Amino acid sequence: MALKIRIWGARGSLPAPETPIQLQERIRLLFDDFFSSGYSKKTDVEKFFKRFDLTHFGGFGGNTPCIEVLSPQQQLIVDGGSGIRQLGYQLMEGPCGKGKGEVHLLFTHFHWDHLIGLPFFTPLFVPGNQIHVYAVQPDLKSVFETLFKKPYFPVPLEGLAATIHYHALEPRKPKQFKDIQITPYQLDHPDPCWGYRIEVGGRVLAYCVDTEANRTSREDLGPDLPLYQGVDVMIFDAQYTLMETIEKINWGHAAASLGLDIAMREGVKRVLFMHHDPASSDAKIFQAEAEARRYYQTQVRAAKDGAPDLHEVDWSFAHEGMEFEI
Ligand SMILES: [Zn+2]
Ligand SMILES: [Zn+2]
């Protein structure tokens with residue numbers, strides 16, 4: 001294992017918890033499914049669970065972006081969406097709970113959905129913890145000053161007990177964190193947003209959220225092309241269906257088919273799509289996945305018929321709580 005990744009938030013734009021009515025409807029459908037599958041006893045429940053993956057029961061999750069990357073020597077966190085709250089509780093069980101924690105947190109950009117969990121990230125409130133924050137954008141400290149400020153939040157930045165260290169990353173320049181190397185590349189988003197190429201021992205993760213993917217050709221991607229080359233796993237923005245991307249030009253988000261175009265051409269081995277629209281139900285996300293599946297199969301057939309050299313890709317829509325290794 002070179003890299004272990006956990007997705008703590010896969011929703012985009014705004015946390016999207018289900019309402020009690022939606023939960024009731026989810027339970028109703030599962031009961032229907034259970035009994036119509038011929039099950040009737042309590043002992044059948046585990047068998048029923050094994051028939052489907054987690055999304056069938058729990059959906060894609062409502063927390064906004066936060067991913068945790070673990071190598072043999074280092075932990076990195078990318079983005080502080082609402083998913084970082086639960087990660088904070090987990091960290092508090094280790095050195096962070098004793099004021100001996102060292103956290104490294106990278107930001108892609110400062111839209112609310114990538115910051116909103118920070119005021120509830122408990123390690124920030126423990127004296128002794130060293131919190132290192134990184135971004136390409138030069139205004140990182142002033143963003144923190146705004147976030148931890150009355151009347152938006154009762155504790156001002158100087159009232160946080162942990163020590164915060166601010167670090168500027170240089171565009172397209174690698175930075176080493178023990179055995180992890182990260183390189184920021186620019187994505188296509190209304191306010192500048194930087195994706196990360198994260199490498200450990202020859203394994204590569206590309207984190208490409210948020211992006212509208214206006215640039216997909218090698219020529220257009222230019223200096224940002226290396227983000228997508230020689231990649232084992234790419235996490236990509238699929239907030240919309242292809243039709244919605246046409247209706248929502250300049251909203252800063254993509255459809256899965258755009259990510260698949262890049263992945264198939266560049267030979268990315270696996271793609272996970274996230275930043276799901278807060279307005280999308282599970283059914284809508286499954287529909288978008290089915291639409292992307294049709295697109296992908298058409299492209300694979302075209303490639304077999306002699307169209308430009310395209311690679312087959314293992315891909316799926318990601319959900320909160322998903323863990324994988326590369
Ligand atoms: Zn976002
Ligand atoms: Zn954004």
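Two strands are taken to pair if DSSP finds at least two bridges between them. On that basis, strand pairing in this predicted model can be followed from residue to residue. One pair of facing residues is Gln130 and Thr163, the latter in strand 6. A second is His132, which stands opposite His165 in strand 6.

These contacts belong to the pairing of strand 5 with strand 6. Strand 5 covers residues 130–135 and runs parallel to strand 6, to which six bridges join it. Between the two strands the chain passes through helix 5, residues 140–147. The resulting β-α-β crossover is right-handed. Strand 6 itself spans residues 163–168 and is hardly covered. Of its six residues, the number that are buried is zero.

Strands 5 and 6 lie in an open sheet of seven strands. The strand order is 6-5-4-3-2-1-14, and the pairing is mixed. Strand 6 stands at one edge and strand 14, residues 323–325, at the other. Each has a single partner strand, so one side of each is left without a neighbour in the sheet. From one strand to the next, the twist averages 20 degrees.

Another open sheet of seven strands is present, in the order 7-8-9-10-11-12-13. Here too the pairing is mixed. The edges are formed by strand 7 (175–177) and strand 13 (314–317). Both pair on one side only. In this sheet the twist averages 20 degrees between one strand and the next.

Within this sheet, strand 9 and strand 10 provide an example of antiparallel pairing. Strand 9 comprises residues 194–200, and strand 10 comprises residues 203–208. Five bridges connect them. Arg197 stands opposite Ala206 of strand 10. In a regular strand, side chains alternate between the two faces of the sheet.

A helix also packs on this part of the chain. Helix 8, residues 256–266, lies across strand 11 (233–237), strand 12 (270–274) and strand 13. Relative to strand 12, helix 8 runs at about 160 degrees.

At the level of domains, the protein chain is divided in two parts. Domain 1 is made up of residues 4–16 and 61–325. Domain 2 consists of residues 20–58. The C-alpha centres of domain 1 and domain 2 lie 31 Å apart.

Key:
Residues numbered from 1 in each chain as written. Chains lettered and ligands numbered in written order. Predicted model: local features only at pLDDT ≥ 70, side-chain atom pairs only at ≥ 80, totals over all residues. Helix = DSSP H or I, 4+ residues; strand = E, 2+ residues; numbered from the N terminus. Axes fitted to C-alpha atoms, helices over the stretch in contact; angles between N-to-C directions. Contact = placed C-beta atoms within 7 Å. Buried ≥ 20, exposed ≤ 12 C-beta atoms within 10 Å, placed from the backbone. Right-handed = clockwise from strand over helix to strand, strands pointing away. Domains from an automatic or database assignment.
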